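Okay, thanks for coming, everyone. I'll put the structure up and walk you through a few parts of it.

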Amino acid sequence: MLRVRRESCVLRTSENSDGDGRTASWPFPPLIKMEGDTSFNKVEVVYVSHVEDAVTFWGQSMKRIHDISKISAFLSKVCPSMSSVFGTPDLDKVYGGMFSADKCWYRCKLQHVESDEQCSVTYIDYGNSEVLNRSSIVELPEELQSSPIAQKYRLWGLQLPKISDIEQGLQFLTKLVGDKQISVQQKAIYKDGTVVVQVSHDDLDVGEEVANKGFAEKCRVNCSPNGALETMDGPAIEIKPRQARNAERLLVREPKSLPVFNKCSSDSNKENLEKNSFQQASGSPSTETNGVRWDQRWLDEHKQLKDENMQLKDENMQLKDANMPIKEENMLIKEENIQLKNENMQLMNEYRQLKEDKDILLQKSRALELNMQKLQLENKNKTELFERNFKEMEMRLTSAVGNKIKALAAKIDKLKSVRFENANITAADDLLKAVKVVGQGQLSAPSSLNILEENWKEYNFAQEMIRGCSDVVELDLFIERRNKVKENLNSSVDAFVIEVDQLPFGSRLTKLEVLLNSLESVYGASCDCEDSDDVFREFYDWKEAKLEKCNTLRGDTDSSLGLLFTWLSDIKKFFDLESNFSFDSCDVVMDIDNILEQIDCNVSKELEMSLVEPGESDLKIITDAYNRVIKLIHEETLLIAALKSKYLSSVEFKKNMSEWINKNPNVDDLITVKKSIKGLKAQLRWKLLESSSMEESDEYNATAHSEVKHEISIIRNKIFYEIQREQEEYALLSNLVEKWFPELPLMYSDVGITNYTNSRGLLSGSLERELFDAEPLKELSSKRPLVCTQVQNQKVLLKGYSVGVDTEEQVIVRASKFHKAWSQEKEESGIIQLLYLFFCKFDPVVYLMVPFYPGESLGYIQANNKLSLCETVRVMRGVAQGLHTLHASNIIIGSLHENNVFAVNRERGIVGDFDFTRDAEQRCSATSICFQLLTAPELKLGEAASASSDVFAYGILLLWLCLGSKNITYKSDGTPDLKKCDLESKAEALLSCLVCCGDRMQAEQIKSHEYFQITEAEFTPLPNDDEKTDDDTPADFA
C-alpha cells in the first residue's frame, strides 16, 4: 500500500524556558498561509475597531474604510422590512443584527445558539460580539453577503501567560492602539483567518511593549522567507528552490493544536536540521548534500512501493482464474431458477382465473335465487290483492246505489256551504267595491289652492329676505314689501278656508282608511303600477266573465237537480201501491243513471270553479287592479293631508295676523322685566353688603341679621320669578321671530333674542353666580367646582367649567343640542334636564344648572342598597330610552358609567349630563382612565367613539347590575364571557347583542327587547352581599 509520510513542524521553546529542550504545544490555531506567500511581510495601515485581549484585536483596512458608510445606509433601508431568523440558523451566513447600544443595524455572523430566543453574534465589520434576541436578527439579501471589512489580528511571537490579569492587559492594549490608525506587517495567517502581524505605532513596537509589561510572554518561533524553521537567536537556513518543491509534493496533515508555517522536515531529521543550522551559523554550508540525500531516500521508498504493487496485481489475476468455473456454475443455476419461476407464475395465473370464474358463477347463482324468491313473493302479493279487490267489489255491488247517492250527497253538502259563503262570487268583490269607491266621490284640490301656494311662496321669500338682511335701512323696505304680500296672502287664505270648509274631509278620509286597512289585510302589501285606466277596464271585463260563467254553472246544476226532483216524484208514485199511476218500469230505472251522472258532473264543475285558486293570469289582473286602487287611495290621502296642513297653517296665520293686523310686536314687556331684574339685583347686592357688614360688626345683632337674611331670601325669589317671566317673554318673541316677524332680532339687537333662539332658551344673560346662596360640595369637586343650592323649592347643582374663546361657542352648541333632545319628549326622554346655562362676568367660567339627585347615582346605590332585578329592569329601560333620545339627535355620550346614570326614586333611569367643553373623543379618552372595563374593544384599538361604543358601555352596566358583586370574566378580545356568568336566559340573549365585538344592537331596539317585558314573578333575587364599591370616584365624573 501507498504510505504517506506525515511531516510536522517543530516548535522550539525560547531561551528563557526551563532549558530541558522539550517541545511545547502551540496554543494558537493552525496556519494555512506561509511566510513564503506573496502577502508575507506586507505592510498596511489599519484602524483598530475592537480589542479582545492583550494580544488579539480587530482592525479595518483604511482602503475599505469608506465602504462602511455605504453598507450602513443600505442596512438601514433593507433590515426593517426583512424577516426575522426562524428555525436553525446557518452559522456560515451573514445576517443583520440590531446593536443594543444604538439600535442601529450591522452585519453579523452567528457563533452559537444560546437558547430558543437568543443567539451569540459577532459583528463582522467591527469585531465586537454580543447576545441578541432572535427578533433583532434578520435575513440579508445576496448583495450584503460579501466579505467582512474587519480583520482579526494577533501580535507576532506572543501568547497570553497561563496566569495573567486579562482585564488589565486588554485595557493596556486598548490604550495603545484602540480607535487608532496603526501599521501592521503580516507574518502568517491561521486557518480561522486570524492574521499574525507585527504592529508599530508612533515608532513603538506594540508587541514589545505588551511583553515588557508582563501581559504576554514571548514564543520564539520564526520561519524564513523560503519556508525553513528558525529560532529568534539563530540565522535563517536557506533551502534551495528544488528542495522546496520536493517538500511541497508531500501530503502534509498538520495537527490542529500546531500552527504550520511551512513544509518542514520530520522528527527524524531534527538533529540534521539543527546540525545544518549550526554549520550554517559557523560558515560551513551543507545544504546541497542534505538535499541529495533527501531525494535518494524518497526514490528508494517509491521503488519499494512499486514492487509491492506489482506483487498484489499478480495475486489478483490468480484469484480471478480460480473464480471462473464457479461463476459458470452459478449462471446455470440461475437459468434453472428463472425457468421454474416462470412455470410457477403460469400455474398461479391459471389458479387465479379458475377461482375468479368460480366466484362469478356463485354470484350468478345467488342472484337467480334472490330473483326467484322476489317473483314468488310478488306473485303471492298480487294473488292476495286480487282476492281482496274481488271481495271488496262484491261488497260494493251490494251497496252501489247507496254509495253513489252518499258521494253525491257529500258533494251537494259541500256545494251548499260554498253557495252559502258565496266564495266564488265574492272573489275580488271587495276589490270591485274599492274600485267603485275610488272612482266615485274622489276629492280634488280646491281652485284657490294654486293662488294660495303662490302667495305663500312670495310670503316665505319675503320673510327669508328679512332674515338675511343686516342693514336697518333695507330692512324697512323688506318689511313694507312683506306687508303687501301679507295682505294678498290674507285674502287668499280667506277664500281657501271657505272652500275647504265645504269639503267632507273627515268622512272621506275615514272611508279611505277603512277601505285601505281591509284591502291590505286581505291582499297584503302593494307595489308600483302603471297610471292607466285600462287596468280597471280589464278588471271589469274579467269580473263580468267570471260572474257569467258562475251563473251558467249554477243554472246547469239547478236544472239537473230539478230533473232528480221530478224522477223522485215519479218513482214515489210508481212505488205507491194505492196509486193508479203506471208506466214502464224500464224507463224509470234507466233514467236515474243519466240523471245522477249529469248532477255529479255539474256539481263537480261548480265546485271546481269555486274552490280552485285563481291562475296566474287571474292573479295578475287582480294584483294590477289592487295596486292601482291602493295608489289612488294613497294619492287622495296625501292630497287630503296636504289640504289639511294648508288649512291648519292658514287658520293659524289668520288667527295670529288678526292680533297684529294694526300693530307690530315690540320688546317693551321684556325691557320692563329686565329693568325689574336689574333693580332687584341692586337691592340684593346692597342687602348682601349689609349682611356682611353686620357679620363683621363688633356689636352683632342676631335678630336684625336674621331679618336681613329673610329679606335677601325674598329678593332672591323675586329675582328668580322675574327671570322666569323674562324667559317667557323670550319664548313669545322667539316664536314670533320664527314664524311671523323675523325682523325683531335686528330691530332689537340689544335684548339678546338671537342668543335665546340659538340656545333653545337654555342660555340666560340675567343669571349670575352671586344670585345663589350656594353650598360647596367638596367631596364631589375633584374634577370641577360644584355647588348645591335651592331655586324655587327645587334642589339644583351648579357645575363650573373653564372655557376659552375657542370653546365658549362649542359649549353653547353642545348644551343646546342636548337641551333640544330633552325638549322633544321632556320627562319621557330618559335624559337629565338642563335648567340654565350662564357665564361668569369676571372669570372665564360657564355654569350649568341641573337638577340635583343626591344618593341616586347607580354607583352610590349599588354600594349601599343594591337594586333588585325588577328595579334594574325599570331603571335600565329608562336609560335605554335616554340612549335612543341622544343617538337620534346625533349625540355620542362617550362617558356612560355608573356615576353618570341616575335611578330616580329607584324606578326611573335617566342619563346624566356630561362635560360640554369636550367632544366625544375627549370624553371617551377621559372615561377610559377611571372606567377601563366600560371601554369598548374598538376604542382600545384607536377607533373613534360611536353609538356602538355607548351601547357596549350600557351592556357592561346592565351586566354589572345583573351579577351584583360577582366578578366578570373577560375574553381575550376584551368582551365579557357570558357563558361563565349565571344569567337569566332573556338577560343573556340581550347582553349577547350588546357586549359583542361585531355589530351591536341599536339603542332604539334595546327598550323593545323581551327582557324588559319580564314580570316581577319571573325575577330571582340577588344574593345579599356587603361588598362596597370605591367611593373615591366623583359622582359628576364625565
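Let's go straight to strand β19, residues 794-802, which pairs with β21 in the antiparallel sense over seven bridges. If you want one pair to click on, Tyr801 has Val846 as its bridge partner in β21. I should say right away that this is a predicted model, so please keep that in mind throughout.

Now, β21 has another partner. Strand β20, residues 836-839, runs antiparallel to β21, and four bridges join them. One pair to look at there is Tyr836 with its bridge partner Met849 in β21. How many residues sit between β20 and β21 in their hairpin? Five.

So is β21 itself buried or exposed? Strand β21 covers residues 845-851, and seven of its seven residues are buried, so the strand is largely enclosed by the rest of the structure. You'll remember that in a regular strand the side chains alternate between the two faces of the sheet. Here, Val845, Tyr847, Met849 and Pro851 point one way, while Val846, Leu848 and Val850 point the other way, and all of them are buried.

On to the helices. Two packed helices are described by the angle between their axes and the distance between the axes. Take α22, residues 869-888, and α25: their axes come within 11 Å and cross at roughly 175 degrees. Anything over 145 counts as roughly antiparallel, and therefore that's what we call α22 and α25. On the α22 side the contact includes Leu869, Met876, Ala880 and Leu883, and on the α25 side it includes Val951, Tyr954, Leu958 and Cys962.

Some of those names come back in the core. In soluble globular proteins, nonpolar side chains tend to be buried together. The largest nonpolar core in this model has 76 residues, and Met876, Tyr954, Leu994 and Ile1006 are among those with the most contacts inside it. Which helix gives the most to this core? It's α25, residues 947-963, with twelve residues. Zoom in on Ile1006 and, leaving out anything up to four places away in sequence, you'll find it touching Ala880, Val951, Tyr954, Leu990, Leu994, Met1001 and Phe1012. There's also a second, separate core, with 49 residues, and Val435, Val629, Phe653 and Val737 are included in it.

Someone asked me about cysteines. How many disulfides does the structure hold? Zero. Take Cys981: its nearest cysteine sulfur belongs to Cys962 and is 9.9 Å away. Cys981 is buried, with a relative accessible area of 10%, and Cys219 is buried too, with a relative accessible area of 10%.

Last stop, a different sheet. This one is open, with five strands in the order β7-β6-β5-β4-β8 and antiparallel pairing. The edges are β7 and β8, the latter being residues 137-138; each has a single partner strand, so one side of each is left without a neighbour in the sheet. Five bridges join β6 to β7, and in one of those spots Val121 stands opposite Glu130 in β7.

Between β6, residues 118-123, and β7, residues 129-133, there's a loop, and Asn128 lies in it. Why does Asn128 count as buried? Because its relative accessibility is 19%, and the cut-off for buried is under 20%. Beyond its neighbours within four places in sequence, Asn128 is in contact with His50, Phe99, Val121, Thr122 and Tyr123.

That's my tour, so over to you.

How values were computed: Residues are numbered from 1 along each chain as its sequence is written. This is a predicted model: local features need pLDDT of at least 70, side-chain atom pairs count only at pLDDT 80 or more; totals for chains, interfaces and linings use all residues. Side-chain values use heavy atoms; hydrogens and water are left out. A nonpolar core is a set of buried Ala, Val, Leu, Ile, Met, Phe, Trp, Tyr and Cys residues joined through side-chain atoms within 4.5 Å. Buried means under 20% relative accessible area, exposed over 50%, partly exposed in between (1.4 Å probe, protein chains only). Helices (H or I, at least four residues) and strands (E, at least two) are DSSP runs, numbered from the N terminus. Contact means heavy atoms within 4.5 Å. A disulfide is a pair of cysteine sulfur atoms within 2.5 Å. Two strands pair if DSSP finds at least two bridges between them. Axes are lines fitted to C-alpha atoms, for helices over the stretch in contact, and angles run from 0 to 180 degrees between N-to-C directions. Angles under 35 degrees count as roughly parallel, over 145 as roughly antiparallel, 65 to 115 as roughly perpendicular and the rest as oblique.
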